Amino acid sequence: MPTAGAYDGRAATTAVKVGVGQAAAAVARISDRGARIVAVTIALVWHLTIALPAVLGTRAELAAPQVVLGGWVLVGAVGLLAGVRLLRDDPLPLPPLAGLLLAVDVAVFAAVGRAHLFGPANWVWGTLAWFFLVVLWGRPVRWLLALLAAHGVTALAAVVWYDATGAADLARTAMALYGTSSLPVAVFAGARALGLLSRDRAANAAAANVMLAEREAAEQARRERHDRLAVASEAATEVLTELAQGRADPSDPQVQRRCVRAAARLRRLIVESDDVPHPLLHELRAAADLAEREGLSIDLVTIGTPPALPVQVRRRLAEPLTSTLADERDWARLTIVAGPEEVVVSLVVPDRPGPDTAGPAPERDDEQVEHLYERDGEIRWTQTRWRR
């Protein structure tokens, strides 16, 4: 016999996995957002507090100061725009921004002149890599390496153009390229690794919490099932004891109805945890089959397919109707109308004199299950309704 709630647990597996994935993604987004803020801040602060004073202080000595200063303004505007859109999670137009930064790189190298080729006024050495980082955030690391390689080619071309090919100049070029590129690459790769690590840890923590909740829910379901089994067994034991001791007459209709009700309770307790595609339909059909074997003429009409419902909701949908079926001997009509957002179960039986055996139930309970009951002297109508 499958464990209680096996079908509900299997139906909820996808939802649980989605919940774990969403929790992990949320943690990863928070971690990534912090890294984005750091990258944008470094790029703009460096550009403003280090590059700008160097350009303004040596403006008269530059070969084309307007080009150098104009490139600074243009890159600052690109960085500000990219930073704002990055922090808002808006996609960036990568090809035009990358092409614009590389064009500024070439222009500034050509405009600083030989005297300031390795000086602070040639701000593209130390600043441009950070703007590459901002523009390429979230892309593969190889894209950043490609732009840095293009930047290195531009720098080497400028060194050759200015005839700065001595050993000292080449060493300064290598040191400048390495020093200004290694840190942005480390931040870029580190932020990616930190985001993945945060996602994995959050997913593991969420999965552990889900497992703990499932274990507690399974234990609660086991206790509830044990309690219901005790109640059903007590009713069956009572009537069987009376029959065995001769204190009850098997031909007595009242005794027969007690036997049917006890059997219906036990049968419902068994089928509500069966591992079947549609447990609610299974439970109602089992109750209809039991009533039919007792001589009841019953029509069963099913329209639609019920969604996966918890055991407690299924029980509250089925129990009022199965209890009524256990008392009937003439005919009954059981109708199930189901959809993804609503399930309606109705039972019509002939009315008879005397008080109700089951009695009306509350109109609504905490599980969003309505129970309606009416009688008019000719028929009795019972309906249970669940809404999502």
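In this predicted model, a hairpin of three residues links strand β2 to strand β3. The two strands, β2 at residues 331-338 and β3 at residues 342-350, run antiparallel and are joined by six bridges. Within this pairing, Ile336 has Val345 of β3 standing opposite.

The hairpin belongs to an open sheet of five strands, ordered β1-β2-β3-β5-β4 and mixed in its pairing. The edges are formed by β1 and by β4 (369-375), each of which pairs on one side only, and the twist from one strand to the next averages 10 degrees. Three of the strand pairings are set out below.

| Strand pair | Sense | Bridges | Example of partners |
|---|---|---|---|
| β1 (residues 297-303) and β2 (residues 331-338) | parallel | seven | Val301 and Thr335 |
| β2 and β3 (residues 342-350) | antiparallel | six | Ile336 and Val345 |
| β3 and β5 (residues 379-387) | antiparallel | nine | Leu347 and Thr382 |

The parallel pairing of β1 with β2 is accompanied by a crossover, in that β1, helix α10 (residues 311-325) and β2 together make a β-α-β unit that is left-handed. Helix α10 lies across β1, β2, β3, β4 and β5, and runs at about 175 degrees to β5. Helix α9 (residues 279-293) also lies against the sheet, across β1, β2 and β3, and its direction makes an angle of about 165 degrees with β1.

Where does Thr324 sit, and which residues does Thr324 touch? Thr324 is placed in helix α10, and, when residues up to four places away in sequence are not counted, Thr324 touches Leu347, Val349 and Thr382. Leu347 and Thr382 are themselves bridge partners, with Thr382 lying in β5, and the contacts of Thr324 therefore include both members of that pair. Thr324 counts as buried because its relative accessible area is 7%, below the limit of 20% used for that class.

A separate packing arrangement is found between two helices, α4 (residues 94-112) and α5 (residues 124-135), whose axes lie 11 Å apart and meet at an angle of about 175 degrees. The helices α4 and α5 are therefore described as roughly antiparallel, a term that applies to angles over 145 degrees. On the α4 side the contact is made by Leu94, Leu97, Ala98, Leu101, Leu102, Asp105, Val108 and Phe109, and on the α5 side by Val124, Trp125, Leu128, Phe131, Phe132 and Val135. Sorted by class, this contact of α4 with α5 holds 13 nonpolar residues and one charged residue, with no polar residue.

Elsewhere, Arg59 is found in the loop between α2 (13-57) and α3 (65-87). Is Arg59 buried or partly exposed? Arg59 counts as partly exposed because its relative accessibility is 44%, which falls between the limits of 20% and 50%. Although Arg59 and Ala121 are 62 residues apart in sequence, their C-alpha atoms are 8.2 Å apart in space.

Taken over the protein, the secondary structure amounts to 10 helices and five strands, and buried residues make up 40% of its 388 residues. Among contacts with a sequence separation of 6 or more, 72% are accounted for by residues 24 or more positions apart.

Note on methods. Residues numbered from 1 in each chain as written. Predicted model: local features only at pLDDT ≥ 70, side-chain atom pairs only at ≥ 80, totals over all residues. Heavy atoms only, no water. Axes fitted to C-alpha atoms, helices over the stretch in contact; angles between N-to-C directions. Helix = DSSP H or I, 4+ residues; strand = E, 2+ residues; numbered from the N terminus. Parallel < 35°, antiparallel > 145°, perpendicular 65-115°, else oblique. Contact = heavy atoms within 4.5 Å. Nonpolar A, V, L, I, M, F, W, Y, C, P; charged D, E, K, R; others polar. Pairing = 2+ DSSP bridges. Right-handed = clockwise from strand over helix to strand, strands pointing away. Buried < 20%, exposed > 50% of the residue type's maximum accessible area, 1.4 Å probe, protein only.
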